[in-house]
Amino acid sequence: MARGLDPAATDAAGPRLWSDDAVVYEIYPRSFQDGDGDGVGDLAGIRSRLPYLEWLGVDAIWLAPIYASPLADYGYDVSDHEAIAPEYGTDLDFDLLVADAHDRGLRVVLDLVVSHTSIEHRWFRERPDFYVWADGPEPPNNWRASFGGPAWSRDPVSGRLYLHSFYAEQPDLNWRNPEVREAMADVVRHWIGRGADGFRVDAVDRMVKDAELRDDPPGRDPFPLPIPEEVRRLDLIHSRDSPEIGRLALAALRAAAGDAPLIGEVYLPVDRVIPYLDHLDGVFGFELLHADWDADQLGAAIDRSSAAGAVAWVTSNHDFPRVATRWGKENARAAAVLLLTLGNSAFVYQGEEIGMVDGPPADPPLDRYGRDGCRRPMQWDGSATGGFSAGRPWLQPFDPERCNVAAQIGDEGSILNLFRALIALRRRIDGAPIRVEAPPGMLAFERGRHRIVVNLGADGTSTPVPQGSALALATSVAAARIESGELRLDGHGAAILQLA
Ligand code: GLC
């Protein structure tokens, strides 16, 4: 029985793990709050904003990697898994952050980057057996790196080819080596000892590959982003998603983590993530993120994801265009209703609660894969640096004068206050989402005694509702009303009804 999915335990005692129905707020540390004026976000800065997160009502913060890194992949190339990046602070800053978060009832989730290290990690030279190598003049197969180009590069020192599922600066670990398992289990134990409450596990589907290094056959990768076209022309059945990932990799993390929840980034269609739940407590439901703002697509994504079980709902993160950019500013409020009412856990990326949009990439671009836009700093106030830093930001905030926390916090009608109200209300909503019929262009589902209705279109529209339904919350005061047995929703509006 998959951990966290034991129905007996769930029925008798409510959710088994704190993460099962948590709202987890993703912090991208470089861009959240700079505490020392060097232009780079840091742990002291995050700590100074905990009162805000407590006010917002989230249950936990997930810190994208805070570890030492040469930044080839902006922190996802870790050169020491147990060292805090100096620009983010010290061990003491981490301890203070965790203690303060815990005092406020906020859990702390760390990022476990386990499928690869930085090429500057000392293991790459000292423990070549921790990595995957091939010899010969040509790569042993047709595998492509996720960001494009061959998945094999030549190490100038040894002259051998090493495998990398992402950038060449990120050599893949060889989880078939039991000592890799032990070393990573040590990392998990280290951070649990330092107070971590759970982990988001990076790139799980890449942890173990085909032992025979067979070619990926031609095919069509299912997700539109962020995979380049040259990679999508292959069916990545051998370079990822090995049936051995659970036994050879996740089992060791699971044992080391004990009761601390593990939420996996398994970048696969949701019907293929189910086996991963034998070892993980949740997996991100990327189908929702990849759906267009369209009732049929979103409905299908919700149905497929709900069927998988412990799906952590996510509509944006540090890798993808933000909601307001992807689905339109006008739909950001309705998208918040959707994310926060689907049940299970919901991951809110920093800045989504104020409806931030992506900025353009930095000039010249910093992230080689074009993700600068969604990583622009958090906008706390309307000043030139958005209150993010007293110095010169590493990446300029995009439009703080138009969109910022200070302007929204006292405005009852702001998207920020909608997020806060939704987070409070969701605690009173139970049950799995069951879709109910709705007119074209609308999406509706029920959870227990609540019905959630979203109007995806620009025009006002109505749908019949059960007698005695009362409006619990809507995207704005004027967006929804119940009249003669019908819910009338403005264009782009959404509402939560309490059923009789
Ligand atoms: C995950 C991270 C992404 C990173 C990649 C490689 O997908 O979210 O930012 O580039 O893993 O570590």
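In strand E12, Trp-313 is the bridge partner of Gly-285. This pairing belongs to the contact between E11 and strand E12 (residues 311-314), where 3 bridges join two strands that run parallel. The model described here is predicted.

**The barrel**

The pairing of E11 with E12 is part of a closed arrangement: 8 strands form a barrel in the order E1-E2-E5-E9-E10-E11-E12-E13, and the pairing is parallel. From one strand to the next, the twist averages 30 degrees. As a general matter, strands of a sheet pair through backbone hydrogen bonds, in either a parallel or an antiparallel sense.

Several neighbouring pairs can be followed around the barrel. The table lists the number of bridges for each pair, together with one pair of residues that stand opposite each other.

| Strand pair | Bridges | Opposite residues |
|---|---|---|
| E5 (residues 107-112) and E9 (residues 198-201) | 4 bridges | Val-109 and Gly-198 |
| E10 (residues 262-264) and E11 (residues 282-285) | 2 bridges | Gly-264 and Val-283 |
| E12 and E13 | 2 bridges | Val-314 and Phe-347 |
| E1 (residues 23-27) and E13 | 4 bridges | Glu-26 and Tyr-349 |

Strand E13 takes part in two of these pairings: E12 is joined to E13 by 2 bridges, and E1 is joined to E13 by 4 bridges. In a regular strand, side chains alternate between the two faces of the sheet. In E13, both faces are covered. Ala-346 and Val-348 lie on one side, Phe-347 and Tyr-349 lie on the other, and all of them are buried. Two of these residues also appear in the pairings above, since Phe-347 stands opposite Val-314 and Tyr-349 stands opposite Glu-26.

**The ligand**

Which residues come nearest to the ligand? Of the 13 residues around the ligand, these are Asp-73, Asp-202, Glu-265, His-318 and Asp-319. The shell around the ligand divides into 3 nonpolar, 3 polar and 7 charged residues.

Particular distances can be given for three side chains. For Glu-265, a polar side-chain atom lies 2.7 Å from an oxygen atom of the ligand. An N or O atom in the side chain of His-116 is 2.9 Å from an oxygen atom of the ligand. In the case of Arg-200, the corresponding distance between an N or O atom of the side chain and a ligand oxygen atom is 3.0 Å. The ligand taken alone exposes 310 Å², and the protein buries 95% of that area.

Arg-200 falls within the span of strand E9 (residues 198-201).

**The loop after E9**

The loop between E9 and helix H7 (229-232) contains Ala-203, and Leu-213 is found in this loop as well. Ala-203 has a phi near 50 degrees, a positive value in a residue other than glycine. Leu-213 is likewise not a glycine, yet has a positive phi of about 55 degrees.

Are these two residues buried or partly exposed? The relative accessible area of Ala-203 is 3%, and because buried means under 20%, Ala-203 is buried. Leu-213 has a relative accessible area of 23% and is therefore partly exposed.

**The open sheet**

A separate description applies to an open sheet of 3 strands, which has the order E6-E8-E7 and antiparallel pairing. The edge strands are E6 (133-134) and E7 (152-154), each of which pairs on one side only. Between E7 and E8 there are 3 bridges in the antiparallel sense. Ser-153 stands opposite Tyr-162 in E8.

Strand E8 (161-163) is followed by a loop that leads to helix H6 (178-193), and Asn-177 lies in that loop. Asn-177 counts as buried because its relative accessibility is 10%. In sequence, Asn-177 and Asp-129 are 48 residues apart, while their C-alpha atoms are 7.5 Å apart in space.

**A cis peptide bond**

Where is Pro-364 located? Pro-364 lies in the loop between strand E13 (346-349) and helix H13 (405-409). The peptide bond that joins Asp-363 and Pro-364 is cis, with omega about -5 degrees.

Note on methods: Residues are numbered from 1 along each chain as its sequence is written. This is a predicted model: local features need pLDDT of at least 70, side-chain atom pairs count only at pLDDT 80 or more; totals for chains, interfaces and linings use all residues. Side-chain values use heavy atoms; hydrogens and water are left out. Two strands pair if DSSP finds at least two bridges between them. Axes are lines fitted to C-alpha atoms, for helices over the stretch in contact, and angles run from 0 to 180 degrees between N-to-C directions. A residue is near a molecule or strand if one of its heavy atoms lies within 4 Å of it. A polar contact is a pair of N or O atoms within 3.5 Å; within protein, one must be able to donate a hydrogen and the other to accept it, and residues adjacent in sequence count only if both atoms are side-chain atoms. Accessible areas come from the Shrake-Rupley method with a 1.4 Å probe; for residues, only the protein chains shown count as cover. Ala, Val, Leu, Ile, Met, Phe, Trp, Tyr, Cys and Pro count as nonpolar, Asp, Glu, Lys and Arg as charged, and the others, Gly among them, as polar. Buried means under 20% relative accessible area, exposed over 50%, partly exposed in between (1.4 Å probe, protein chains only).
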